[in-house]
Amino acid sequence: MLMKRNYVSLPILVVLSAIGFLYYTTVFVVIDEWLGLSTSSGLLNAVVFTFLVIMSTVTYGIAIVRDPGHIPASFVPEIEDAESSIHEIKRKGGDLRYCQKCSHYKPPRAHHCRVCKRCILRMDHHCVWLNNCVGHANYKIFFVFVMYAVTACIYAMVLLVGSAAHDVHSDNEQNGGSFKTSLIICGVLLVPLTLALSILLGWHVYLTLHNKTTIEVLGPSISCWICPTSRHIGSGVRYRTSYDNTVPVSSMPR
């Protein structure tokens with residue numbers, strides 16, 4: 001049963017406010033005061049950074065509103081299914097995984113979310129900053145959002161450091177206290193945010209490459225990872241395992 005979610009929460013408003021502040025400070029304070037928006041270099045940097053922020057915001061919004069994936073009502077694990085070489089069972093008892101709250105069997109990697117109050121296909125985690133679970137159907141867009149966010153943060157950090165170095169070197173007294181205050185606040189936000197998002201991105205890249213998350217969601221080609229589309233997500237009820245590469249005993253040479 002799908003439940004209606006609240007698409008507006010305090011953490012989401014905090015994220016959107018941080019995006020707005022960092023964008024305004026980077027473009028209209030850092031770039032404008034350092035390079036000037038009327039120059040070709042300043043305009044080019046502003047356009048590139050604006051593109052990164054737009055992509056980050058759009059993918060963030062999609063990750064919020066997109067359903068993470070629900071278990072099909074018709075799903076029943078087939079023990080003798082030749083296409084399913086392995087099934088997940090309970091640690092205690094060895095029975096097939098069954099959700100008592102949702103009253104249905106759970107496919108491999110599916111889990112019941114206490115916050116969303118339903119089972120999620122290939123559940124990765126419940127993200128408070130999305131007010132949504134990250135699962136089979138929205139993992140790709142979540143991954144793309146983190147990539148664009150990390151790129152935008154690093155880009156802003158480079159511009160911020162360059163602007164601060166230029167300001168110190170030129171010893172420009174024309175910049176008032178508000179300019180320096182904005183730079184300090186921007187730096188205080190950017191440093192921990194860039195570090196946290198970079199670690200998060202590296203962690204998910206590691207998990208994906210080791211098939212501990214959904215490789216099918218990202219697609220077989222690295223070149224398609226930055227595209228916010230999902231054409232390789234599969235059914236969500238079966239995943240490739242090491243057993244799929246084994247040769248049946250009946251087909252082995254005697």
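This is a short selection tour through a predicted model, stop by stop.

**Ground rules**

Numbering starts at 1 along each chain as its sequence is written. In this predicted model, local features need pLDDT of at least 70 and side-chain atom pairs count only at pLDDT 80 or more, while totals for chains, interfaces and linings use all residues; side-chain values use heavy atoms, with hydrogens and water left out.

**Whole chain**

Show the cartoon. There are 5 helices and 6 strands. Both are DSSP runs, numbered from the N terminus: helices are H or I with at least four residues, strands are E with at least two. Trace the chain from its start and the pattern reads α-α-β-β-β-β-β-β-α-α-α.

Switch to the surface. The chain exposes about 15,100 Å², and carbon and sulfur atoms supply 64% of that area. Accessible areas come from the Shrake-Rupley method with a 1.4 Å probe; for residues, only the protein chains shown count as cover. Of the 254 residues, 37% count as buried. Buried means under 20% relative accessible area, exposed over 50%, partly exposed in between (1.4 Å probe, protein chains only).

Now contacts, meaning heavy atoms within 4.5 Å. Take those in the chain with a separation of 6 or more: residues 24 or more positions apart account for 64% of them.

**Stop 1: α1 against α2**

Select residues 10-34 for helix α1. Add residues 40-65 for helix α2. Their axes come within 10 Å and cross at roughly 175°. The two helices are therefore roughly antiparallel to each other. From α1, the contact includes P11, I12, V15, L16 and I19. From α2, G42, N45, A46 and F49 are among the residues taking part. Axes here are lines fitted to C-alpha atoms, for helices over the stretch in contact, and angles run from 0 to 180 degrees between N-to-C directions. Angles under 35 degrees count as roughly parallel, over 145 as roughly antiparallel, 65 to 115 as roughly perpendicular and the rest as oblique.

**Stop 2: along α1**

Pick T26, in helix α1. Is T26 buried or exposed? T26 is buried, at 1% relative accessible area. Beyond its neighbours within four places in sequence, T26 touches I31, F49, A156, L159 and C186.

Move to D32, also placed in α1. D32 is partly exposed, at 33%. With neighbours within four places set aside, D32 is in contact with V27 and L37. Measure to G42: the C-alpha atoms are 7.0 Å apart, with the two positions 10 residues apart along the chain.

**Stop 3: a nonpolar surface patch**

Select Y7, V8, L13, L16 and V65. These residues form a nonpolar patch on the surface, with about 440 Å² of accessible area together. L16 sits in α1 and is partly exposed, at 38% relative accessibility. Patch residues have over 30% relative accessible area and no salt bridge (a side-chain nitrogen of Lys or Arg within 4 Å of a carboxyl oxygen of Asp or Glu). Like charges are joined within 9 Å, nonpolar side chains (Val, Leu, Ile, Met, Phe, Trp, Tyr) within 5 Å.

**Stop 4: C119**

Go to strand β4, residues 118-120, and pick C119. C119 is buried, at 4% relative accessible area. Leaving out neighbours within four places, the residues in contact with C119 include G69, H70, C99, C102, H104 and H112. G69 is 50 residues away along the chain, yet its C-alpha lies 8.6 Å from that of C119.

**Stop 5: I199**

Finish on helix α4, residues 177-209, at I199. I199 counts as exposed, at 56% relative accessibility. Its C-alpha is 9.6 Å from that of V150, 49 residues apart in sequence.
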